[in-house]
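Hi there,

Here is the structure I promised to pass on to you. Have a look at it first, and then read on for what turned up in it.

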Amino acid sequence: MTFTTIQQIDIPNLKITVTEYAHLETGARHFHLAADDDNNAFLIGFLTVPQDSTGVAHILEHTTLCGSQRYPVRDPFFMMARRSLNTFMNAFTSSDWTAYPFATQNAKDFNNLLQVYLDAVFFPKLDPLDFAQEGHRLEFSQLDDLKSPLIYKGVVFNEMKGAMSSAIRKLNEIVCAHLFPTITYHYNSGGDPQDIPKLSYEQLKHFHTSHYHPSNAVFMTYGNYPVAQHHALFETAALQYFQKQELNLHIPDEQRYSQPIRVVESYALDAQESVQDKTHIILGWLLGKNTDLRALMNMTLLSGVLLDNSASPLRYVLETSELGTSPSQLCGFSDHTRETMFVCGLEGSNPEDADAVETLILETLQEVAEKGVPQIQVDSVLHQLELHQREITGDHFPYGLHLLVNMLSPTLHGGDPIATLNIDAVLNQLREDCQNPQFIPNLVKELLLNNPHRVRVVMQPDTELSARQQAEETARLAELQANLTETDQKSLIDQAQALQNRQMQLDDMEILPKVTLADIPEDIKIPEGETGQIGNFPATWFTRSTNGMVYQAIVIDLPQFPDELVDLLPTFCDCLTEVGVGEEDYLQIAEKQALFTGDIHARISIRGNIDNVQQMKSIFALSSKALVRNQAEMTQLLHDTLELARFDELSRLQELMQQMRADVDNSITDRGHVLAMLAASSNLSPVSALSHRWNGLQGIQFIRNLDEQLNDPAQLQALSEKLLRIRELLLNAPRQFVTVSEAEVRAQMAESLVTCWQQAAYCGEHVEFAVNPIQTTIKQAWATNTQINFCAKAYPTVALSHPDAPALQVLGNFLRNGYLHRAIREQGGAYGGGAGYNSDTGTFRFYSYRDPRLAETLQAFDFSLDWLQNTTHQANALEEAILGVISQIDRPGSPAGDAMHSFFESLQQRTPTQRREFRKQILKVTVADLQRVAATYLQPERAHVAVVSNAQKISELPPELGLEKKVI
């Protein structure tokens with residue numbers, strides 16, 4: 001026996017049994033969550049405590065995955081991603097831990113990935129060339145020209161340049177640096193681009209030796225595989241080679257301030273932008289430890305009471321204040337650090353308003369301390385805590401991994417991770433305490449008002465900062481270059497050549513374990529509902545194991561809208577659930593939503609028809625989720641929101657528009673590759689055109705312009721009237737219902753639906769929503785505030801039912817695996833890049849993400865097509881591309897999410913029969929098919945191009961690219 005059992009606890013509300021084990025020889029801990037779920041998950045995590053901003057933990061995370069003792073190939077992580085049926089596979093660097101998680105539904109695949117992960121973290125090669133590729137290196141801009149300027153390269157270096165281009169990301173780093181003046185959180189664990197080049201290879205190796213040991217590791221597993229199998233593999237693959245070590249890794253308590261401090265910092269803004277209303281003003285408090293569950297729940301409760309919705313007292317004053325445009329995106333409680341934080345403030349402010357913002361916040365807190373808050377606001381937050389604990393998630397991140405990640409931090413810091421899952425007893429005690437009207441006021445005083453460890457951060461825009469930073473980097477590089485000896489020069493050239501050779505070498509991938517096409521399940525699991533009627537309307541019912549939750553959506557066929565309303569449709573969706581309803585104002589409705597539902601969400605879905613992408617199926621959906629006991633109230637809220645939402649609270653509309661603008665402005669550098677792809681494909685189909693108008697760069701411009709227009713009261717009134725017109729058109733369009741619940745709840749939900757909707761009349765035929773994009777070639781370069789670039793190229797192809805669609809779907813993976821990953825990430829230094837077929841728009845698109853290059857990347861897209869046609873390809877390369885597509889198709893979501901997905905897929909012509917047939921055709925694709933469809937559709941004259949960069953880099957682009965310069 002290599003492991004001993006420490007404790008075992010059943011958690012009925014989550015339908016799991018948690019067992020804690022300890023490895024006898026090394027002290028490594030293992031938590032296994034036994035569940036009736038075949039999407040099994042694994043995670044290994046280490047406490048990592050960097051003492052600078054060189055990004056050592058982050059770069060080590062990358063470099064460990066570049067080859068190991070048992071698997072000495074150049075890139076086992078990305079190779080295994082292609083040889084697997086994983087449902088999730090990644091690695092994370094947090095502020096104080098590094099984790100390596102995966103999930104899969106295939107037992108063979110699980111064991112394959114487990115062996116590769118364990119060898120990677122405990123026995124990595126840590127080749128100096130991998131450090132140079134993933135971390136940082138110096139190269140001559142022309143590899144063989146000693147007189148060409150030196151430049152920095154490296155995947156993490158460019159990733160963090162992109163990350164730190166985000167004002168919100170920079171603000172978060174500033175807040176942490178001043179709340180934690182002496183311990184690890186003072187530093188940027190991801191790495192500051194100014195400090196990353198200071199990291200040495202020897203320091204990287206030492207960090208691995210001092211942190212990546214079983215005595216500092218926690219193993220976590222979830223699912224229905226036997227735990228004895230896990231223990232056997234842990235032992236044979238890794239643990240048998242180690243003895244227990246006292247690594248003395250810990251994070252001390254921060255030294256507390258005796259009085260609050262104030263700091264002023266700057267962030268980069270483009271030179272042509274105005275600095276007016278661009279300042280962030282934040283207050284941050286350091287609170288208690290994340291290992292104390294009851295204290296954690298108190299802080300979570302208080303944050304919710306103060307900030308959860310528009311009726312919350314602190315959020316209300318921040319939303320309605322004229323001192324800024326919207327509450328900061330950092331607002332809220334964070335338990336990601338050992339000692340937790342609470343942050344609140346405004347963005348869109350000005351430096352001279354700092355005192356007024358601070359006074360506004362502190363006076364609001366003082367008022368809560370003196371007068372308390374209505375009990376309904378406390379009950380709403382308690383309800384949200386219960387709902388979030390009960391809901392089975394998994395639509396974007398596997399549910400099992402969600403549980404494991406939540407357990408990781410308390411485990412590494414000496415807390416009780418099982419208690420963080422089994423919160424019922426603590427939640428019940430919290431409910432009792434909340435009956436005391438002084439409970440919330442006392443928390444405000446104890447945690448905030450009487451807490452001197454507070455920081456006020458004023459982060460103001462600087463239109464010259466970017467140029468100064470670039471000049472400083474250029475000067476550093478010039479000084480380095482001036483001091484290079486001949487030996488140094490030769491060393492740099494030799495390293496560049498050696499790295500290039502290594503990137504081009506063909507490793508024996510058969511060293512790695514794999515699954516094959518024979519391991520693919522014959523069928524895909526697709527929930528299918530039962531159809532019926534709710535009064536005069538069609539309804540679809542799905543019976544799923546939802547753990548006491550219910551889900552409902554009202555679905556409306558989108559009618560034709562006048563052109564002046566089309567661009568407002570996303571705005572309508574964003575406003576509909578944030579305004580008053582009937583006789584109640586938006587504050588009362590916000591309280592109701594929080595008290596009875598998880599949320600109410602409106603959205604529009606547009607997809608090209610499966611046989612003709614120039615036609616589309618467009619729907620509007622208003623949806624919600626609730627605990628079973630609140631299903632009637634949820635149904636009534638959905639009904640009233642759709643039929644009675646009022647758009648006459650004009651000041652509220654203006655607040656919402658300011659918040660929308662802040663959201664889109666802050667999102668640009670995080671989704672620059674998506675924005676570039678939407679721009680490049682914007683003229684190729686109606687769905688492409690609307691996606692660019694609503695969710696792309698054109699949509700950002702629209703939101704900005706509309707926000708500025710609303711300073712005119714007449715324009716604000718006009719917006720109100722237009723939103724009402726949109727609602728009236730929707731109310732006259734055909735609608736239906738879809739619900740997801742456990743079987744025993746169905747009758748209750750049907751009764752509630754009939755009660756709400758029995759008076760409504762069925763709407764008959766209507767004119768389908770349609771737009772006609774202008775068919776012109778796109779060649780655009782969009783300028784914004786970023787240190788890094790995003791490139792895209794798009795081609796028109798075919799609709800989903802066309803015989804060539806399966807080959808196009810496989811082609812994206814084939815090009816990424818075989819060429820683009822090496823050319824764009826490894827050689828080019830971008831954080832990511834790839835290609836793919838989009839069946840909604842009938843397009844094939846190339847992209848790069850956080851990319852130091854522009855023209856060279858666009859050229860790499862073209863070179864990948866030459867490589868496809870002129871290279872002899874191995875059968876395993878095709879198999880890997882197909883596996884990736886099948887893995888994506890078969891990836892499970894949550895019980896409710898899978899049901900809703902099935903419904904909307906069928907509604908937009910992607911029926912279970914069509915999906916199963918498309919999956920079968922994927923398995924029949926050949927290399928000849930890939931070469932044929934590429935030659936047919938991906939021709940140079942059919943290409944549409946868009947890039948996102950900064951004005952300076954765009955001005956340096958070769959004129960022959962012919963890119964039209966545009967400003968976001």
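Glu880 touches Arg82, Arg83, Met509 and Asn817, not counting its neighbours within four places in sequence. Please keep in mind that this is a predicted model. Glu880 belongs to helix α31, which covers residues 875–890, and with a relative accessible area of 5% this glutamate is buried.

Another buried residue to look up is Thr597, in the loop that links α21 (586–596) to β20 (599–609). Its relative accessible area is 0%. The Thr597 side chain comes to 3.4 Å from the backbone nitrogen of Asp599. Setting aside neighbours within four places in sequence, the contacts of Thr597 include His383, Gln384 and Leu387, as well as Lys592, Ser624, Lys625, Ala626, Met634 and Leu637.

Next, the nonpolar cores. As a general point, nonpolar side chains in soluble globular proteins tend to be buried together. The largest core here has 76 residues, and the members that touch the most others are Phe561, Phe620, Leu622, Phe647, Ile726 and Phe769. Helix α27 (residues 713–731) supplies the largest share of this core, with 6 residues. If you would like one residue to click on, try Phe769: beyond its neighbours within four places in sequence, Phe769 is in contact with Leu558, Pro559, Gln560, Phe561, Val566, Leu569, Met616, Ser618, Leu690 and Trp694. A separate core of 61 residues lies apart from that one, and its members include Tyr100, Leu199, Ala238 and Leu477.

Strand β27 (residues 944–949) is worth a look too. All 6 of its 6 residues are buried, so the strand is largely enclosed by the rest of the structure. On one face you will find His944, Ala946 and Val948, and on the other Val945, Val947 and Ser949, with both faces covered. What does β27 pair with? One partner is β23 (residues 779–783), which runs parallel to β27 over 5 bridges; there, Lys779 is opposite Val945. Another is β24 (residues 789–796), antiparallel to β27 and also joined to it by 5 bridges; in this pairing Ala792 faces Ala946.

Helix α15 (residues 424–433) has two sides to show you. Its buried residues are Val426, Leu427 and Leu430. Because they cover an arc of only 100° around the axis, they sit on the same side of the helix. Ala425 and Glu432, on the other side of α15, are exposed. The buried residues of α15 pack against three helices: α9 (293–307), α12 (375–390) and α16 (439–449).

Finally, the cysteines, in case you were wondering about them. How many disulfides are there? The count is 0. Cys331 is in none, and the nearest cysteine sulfur to it, in Cys344, is 5.8 Å away. Cys331 is buried, at a relative accessible area of 16%. Why does Cys573 have no bond to Cys575? The closest cysteine sulfur to that of Cys573 is the one in Cys575, but at 9.5 Å it is too far for a bond. Cys573 is buried as well, with a relative accessible area of 6%.

Happy browsing, and do write back with any questions.

Best wishes

Key. Residues are numbered from 1 along each chain as its sequence is written. This is a predicted model: local features need pLDDT of at least 70, side-chain atom pairs count only at pLDDT 80 or more; totals for chains, interfaces and linings use all residues. Side-chain values use heavy atoms; hydrogens and water are left out. A disulfide is a pair of cysteine sulfur atoms within 2.5 Å. Buried means under 20% relative accessible area, exposed over 50%, partly exposed in between (1.4 Å probe, protein chains only). A nonpolar core is a set of buried Ala, Val, Leu, Ile, Met, Phe, Trp, Tyr and Cys residues joined through side-chain atoms within 4.5 Å. Helices (H or I, at least four residues) and strands (E, at least two) are DSSP runs, numbered from the N terminus. Contact means heavy atoms within 4.5 Å. Two strands pair if DSSP finds at least two bridges between them. The arc is that of the directions from the helix axis to the C-beta atoms. A polar contact is a pair of N or O atoms within 3.5 Å; within protein, one must be able to donate a hydrogen and the other to accept it, and residues adjacent in sequence count only if both atoms are side-chain atoms.
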